[in-house]
Structure formats: C-alpha cells, structure tokens
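Thanks for coming, everyone. I'll walk you through one structure this morning. Please have a look at it before I start.

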Amino acid sequence: MIRRSVLSLNFATRDKREKINLLINEYLHFLQHVINNLWNRRVFFGRFVPKKLYKDIKTSLTERYKQCASKQALAIVKSQRKTKKTKPILKNASLELDERFIRIEEGRNTFDLWIKLSIIGSNPIYIPTKKHYHFNKFLETGWKLLKSCRLRRTKKGLFLDVFFKKEREPVKEEGEVVGLDLGFRNLAVLSDGQVVGKDMKKEIERFYKRKRSHLIIKEAINRELKRIDFKNIKTLVVERLRNVKKDKRGVFSRYSNRLLSHWAYRHALSRLGMLCEENRVQIAEVDPRGTSKVHYKCGGRGIRRDERFVCLACGDKVDADYNAACNIRDLWILREHMVPCPKA
C-alpha cells in the first residue's frame, strides 16, 4: 500500500523560492523537448531514453536531472499513447525526484523538517517545512517514508508530495458481508444500517456553480467516507456503476444532469478501496440492474416514492437506498454460494 501526504514549501525565503521556480521552469522546458523528440521519432517503448535524443537540447540542468526528466518524459509518452493518441503538451507538470536530488531531514528548531534540494548552478538549498496531522498519522501507525518525492507548483505556491508505504495485511476472515449503495442524495447507505453523507445533495447544490467545485466535493466525499465503521465488516459489496449516463440521452432532466456531473462516483469508489485496504476488508462489485426495483425481503417488485421504496407485493415500505444496499449484499452472497451444474 502506498499513500501520499503533502508538505508545504512556502516557508522558504523569497530567494529560495525563486531558485526552486527557476529549477521547475528549466526542468519543464527540457521535459517538453524530450517529449517532442520521443513522439516525433515514435519512441513509445523501453525503460530508458537514449542520450542521443536529448543531448542537443540546450539546458542548464545537470546530467542527473537530464536523465531523471528523460525517464519521466518516456513515462508520459507511454501513458498518452495508450489513451488520447495525441502528443502531450505540458502546462505545469510535477517533477518526479528521487534521493539523488532531494532528502528529508529532521529539524532541530522551529521547523520539524528540512528539505535538502539540489538546484541549478549552486550548492543544495535547505527548505524548512512543518509536519501536520496527516503526515504524523502515517509515521505513528507503522508506515515507511519513501525516498522518492514529487515537487509541484500551484497557484497557492510550492509543495512536495511525499509517499508512505506499508505491507498489505491479509483480509479479515471473520465479519459480515455488507452491501453499500452510493448516491448523490445520501453518499453511502450500508445494509448494516450505517448512513454517511446525508447532506451530500445539499453540498453539491451549494458548490456546483463554483470554479473549484469538483475539488470541494471530493474533499467532502473523503471526509464523509472516513466515518464508516469497518470493525465488523469482512466484505464490502458495491455496485458496478460505470458510464451511468451512457445511452440515456434525454432520460435525466437538466437539474439531474448537473448533479450527476458533480457526483464523483469514481473518486468515491477509489477512496472506498483505499479505506477497505487499510481496514483489511475485501471490496467486491456486482451488477446494479434491478437492485432498486425489488424488495429485499420478499423479492416482489415495487416503486420508489421520494426516498421510500413501496413493495407492490407485500405493501412494505422501506428506505429506498437501504433496500438497494441489502439487494447488493444479497446478490454477492448468492453469487458466492453458487456452484456449477454437473455435466450430464
């Protein structure tokens, strides 16, 4: 398991920040030129970039930085080739650095940490930074700090992404199988009765017109999913909801389309996977068809009225999301106990 934590470099003096920005500008300039050469010569494979492909690029970077940037350029080209098929144009990429360029040292004064960074044309500089709750949480729970880092620049300043690693523990053998229904009204409703993100719809309505709405909503998703209690859960079953709007033109209203466009299902599922991994819980997927139309107790079909599910067979009324979560759980249990029919 690998997790990321972010350290701010904005405690550095103005002179040091200027040197870091100079390094970033020169690195990105060189990186784009290498990408252009690789793309034009159709070099999409291999582990290393031949020196002849970048030796003529004018730059003040050291040979080590050239090798590092070339390796990153090759990784970018490989990734782009698999997806968009068009040459990547960098705007503000991160610098993937290892222990040859950067080192984290414990502080002895006001600052908890000092970052030693190799720069252009002079001795390494030391940048002060501070630990925080997220960083300390990994250190205190047995995670190992890796030597590779990611230096990046945003509108808010300079930041360093550091990475922690921990061996994955075996999944639990005892506990319950629990279904989970994801949505933008209630973020997550579980078949064991847990409900998190009750105000998610209001959060989306509140922020979807803002410029950075997706980031705000993703932060809200992260915050709410942390509240799930995994203590008695062995297997968490979710719906396979990829391309929820595909081939459904005209089905959703303009209002629903807005909400769905900000419903970060993939992010929520990715975050759930990380939480399950940390809590030794197996995560599984089932086909969602029919989970919201059938009563989980009697199996009869029903209809949804606001947030309630009404069974037409037995007349029972139950929360619609809870009913779906129970059906998701039962689908997995049924599939888990199915055995192949013996041949005649």
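**A walk through the model**

Let's start with one residue, Arg42. Arg42 counts as exposed, because its relative accessibility is 54% and the cut-off for exposed is over 50%. You'll find Arg42 in the loop between helix 1 and helix 2. Its backbone deserves a look. Phi of Arg42 is near 55 degrees, a positive value, and the residue is not a glycine. For background, most residues other than glycine have a negative phi.

There is a second case, Arg280. Arg280 also has a positive phi, about 60 degrees, and is not a glycine. Where does Arg280 lie? It lies in the loop between helix 7 and strand 12, residues 282-286. Is Arg280 exposed or partly exposed? Partly exposed, because its relative accessible area is 32%, and that falls between the cut-offs of 20% and 50%.

Now step back. One caution before we do: this is a predicted model. The protein has 344 residues, and 41% of them are buried. It has eight helices and 15 strands. Take the contacts between residues at least 6 apart in sequence. Of these, 66% join residues at least 24 apart.

Here is a pair from distant parts of the sequence. Glu277 sits in helix 7. Arg168 is 109 residues away along the chain, yet the two C-alpha atoms are separated by 7.4 Å. Leave out residues up to four places away in sequence, and Glu277 touches Met1, Arg3 and Arg168.

Another pair: Lys71 and Glu96. They are 25 residues apart in sequence, and their C-alpha atoms are 9.4 Å apart in space. Lys71 belongs to helix 2. Lys71 counts as exposed, because its relative accessible area is 52%.

On to the inside. The largest nonpolar core has 48 residues. Which of them touch the most other members? Leu97, Leu117 and Leu151 do. Several elements supply at least two residues each to this core. On the helix side, they are helix 1 (14-40), helix 2 (63-82) and helix 3. On the strand side, they are strand 2 (95-97), strand 4 (113-117), strand 5 (125-129), strand 6 and strand 7 (157-165). Helix 1 gives the most, eleven residues.

Zoom in on Leu151. Set aside its neighbours within four places in sequence. Leu151 is then in contact with Leu9, Ile20, Ile24, Ser94, Leu95, Leu97, Leu117, Phe159 and Leu160. Notice that Leu97 and Leu117 are in that list.

Apart from this core lies another one, of 25 residues. Its members include Met200, Ile228, Ala268 and Cys276.

Back to Leu117, and to its strand. In a regular strand, side chains alternate between the two faces of the sheet. Strand 4 shows the pattern. Leu113, Ile115 and Leu117 point to one face and are buried. Trp114 and Lys116 point to the other face and are not buried.

What does strand 4 pair with? On one hand, strand 3, residues 102-106, in the antiparallel sense, over five bridges. A hairpin of six residues joins strand 3 to strand 4. Across this pairing, Glu105 stands opposite Trp114, and Ile102 stands opposite Leu117. On the other hand, strand 4 is joined to strand 5 by five bridges, and these two also run antiparallel. There, Lys116 stands opposite Tyr126.

Last stop, the largest pocket. How big is its volume? About 1,300 Å³. The pocket is lined by 30 residues, and those nearest its centre are Arg4, Val6, His134, Glu219 and Asn222. Which elements give two or more residues to the lining? Strand 1 (2-8), helix 3 (133-140), strand 6 (144-154), helix 5 (213-225) and helix 7 (265-278) do. Helix 5 gives the largest share, six residues. By class, the lining has eleven nonpolar, seven polar and twelve charged residues.

Let me recap. Helix 3 and strand 6 appear in the core list, and they appear in the pocket list too. Strand 4 has a buried face, and its Leu117 is among the core residues that touch the most other members. Arg42 and Arg280 are the two to check for backbone angle, with phi near 55 degrees and about 60 degrees. That's my tour.

Conventions: Residues are numbered from 1 along each chain as its sequence is written. This is a predicted model: local features need pLDDT of at least 70, side-chain atom pairs count only at pLDDT 80 or more; totals for chains, interfaces and linings use all residues. Side-chain values use heavy atoms; hydrogens and water are left out. On a 1 Å grid over the protein atoms alone, a cavity is a set of points where a 1.4 Å probe fits but cannot get out, and a pocket is an open set with protein on both sides within 12 Å along at least five of seven lines; lining residues have an atom within 4 Å of a point. Grid points are joined across faces, edges and corners, and a volume is the space filled by probe spheres set on the points. Helices (H or I, at least four residues) and strands (E, at least two) are DSSP runs, numbered from the N terminus. Ala, Val, Leu, Ile, Met, Phe, Trp, Tyr, Cys and Pro count as nonpolar, Asp, Glu, Lys and Arg as charged, and the others, Gly among them, as polar. A nonpolar core is a set of buried Ala, Val, Leu, Ile, Met, Phe, Trp, Tyr and Cys residues joined through side-chain atoms within 4.5 Å. Buried means under 20% relative accessible area, exposed over 50%, partly exposed in between (1.4 Å probe, protein chains only). Contact means heavy atoms within 4.5 Å. Two strands pair if DSSP finds at least two bridges between them.
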